[in-house]
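Reader: I have a structure to go through before I set anything up. Can you put it on the screen and take my questions?

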Amino acid sequence: MVEEQLEHAFTFEPLGSKHNRAAFTCEVAALESYLRTQARQDLKKRVAVPFVLTPDGQTIAGYYTLSQYAVQLDAIPEEIAKKLPKYPTVPATLLGRLAIDGAFRGQGLGEKLLMDALQRSLTQSKQVASTAVVVDAKDDTAVAFYKKYGFVALPGIPNRLFIAMGTVQQLFPD
């Protein structure tokens with residue numbers, strides 16, 4: 001019952017000045033450092049858009065970033081690439097970072113963050129074309145997490161995974 005109440009209390013918001021970036025801690029120093037020192041600059045320079053999951057409008061329980069990206073057609077598995085136009089590169093969305101604050105682990109927030117990122121990517125692909133969502137998983141645990149949701153490896157690049165936008169669409173039928 002408490003978990004249900006927590007579930008409804010969380011909201012997704014674009015990163016703003018009211019969010020307490022300094023208090024965010026996770027097991028990966030690079031993800032902490034990015035949020036604290038680089039995320040606002042990336043947003044300002046339109047390099048990446050960070051989205052936070054917050055229970056109260058200030059605390060950051062988790063975050064992810066989205067950016068435009070391009071994938072070399074020959075880097076995509078042949079069975080998928082043959083369904084795409086024969087351009088040298090195809091547009092994609094980069095899920096650049098995804099992290100959960102240690103105080104909020106074990107509440108299923110990783111899945112919530114990923115599903116929000118995928119749904120947002122799908123929605124945006126209807127305005128700015130994107131054939132897939134690409135992610136660079138930090139380690140084998142992260143690879144397993146993404147594969148559980150339908151991501152597949154891009155050959156030749158360790159820990160780089162993608163999910164075709166058509167597969168994402170199946171997750172969120174109209």
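**Pockets and a helix**

Author: Arg105 is partly exposed, with a relative accessible area of 41%; buried means under 20%, exposed over 50%, and partly exposed in between, with a 1.4 Å probe and protein chains only. This is a predicted model, in which local features need pLDDT of at least 70, side-chain atom pairs count only at pLDDT 80 or more, and totals for chains, interfaces and linings use all residues. Residues are numbered from 1 along each chain as its sequence is written, and side-chain values use heavy atoms, with hydrogens and water left out.

Reader: Where is Arg105 placed, and what is it in contact with?

Author: Arg105 is in the loop between β4 and α4. Helices (H or I, at least four residues) and strands (E, at least two) are DSSP runs, numbered from the N terminus. Leaving aside neighbours within four places in sequence, Arg105 is in contact (heavy atoms within 4.5 Å) with Cys26, Glu27 and Ile100.

Reader: Pockets next. What volume does the largest pocket have?

Author: About 460 Å³. It has 20 lining residues, and the closest to its centre are Leu31, Leu98, Arg105, Asp139 and Ala142. A pocket here is an open set of points on a 1 Å grid over the protein atoms alone, where a 1.4 Å probe fits, with protein on both sides within 12 Å along at least five of seven lines; lining residues have an atom within 4 Å of a point.

Reader: Which element gives the largest share of that lining?

Author: β4, with five residues. The lining divides into eleven nonpolar, three polar and six charged residues, where Asp, Glu, Lys and Arg count as charged, Ala, Val, Leu, Ile, Met, Phe, Trp, Tyr, Cys and Pro as nonpolar, and the others, Gly among them, as polar.

Reader: And how does the lining of the second largest pocket divide?

Author: Into six nonpolar, seven polar and two charged residues. The space in that pocket is about 270 Å³, and α4 supplies the largest share of its lining, four residues.

Reader: Switching to α5. Which of its residues are buried?

Author: Ala142, Val143 and Tyr146. They cover an arc of only 105° around the axis, taken from the directions to the C-beta atoms, which puts them on the same side of α5. On the other side, Asp140 and Thr141 are exposed.

Reader: What caps the N-terminal end of α5?

Author: Asp139, with a side-chain oxygen 3.1 Å from the backbone nitrogen of Thr141.

How values were computed. Polar contact = N/O pair within 3.5 Å; in protein donor to acceptor, adjacent residues only side chain to side chain. Points joined across faces, edges and corners; volume = space filled by probe spheres on them.
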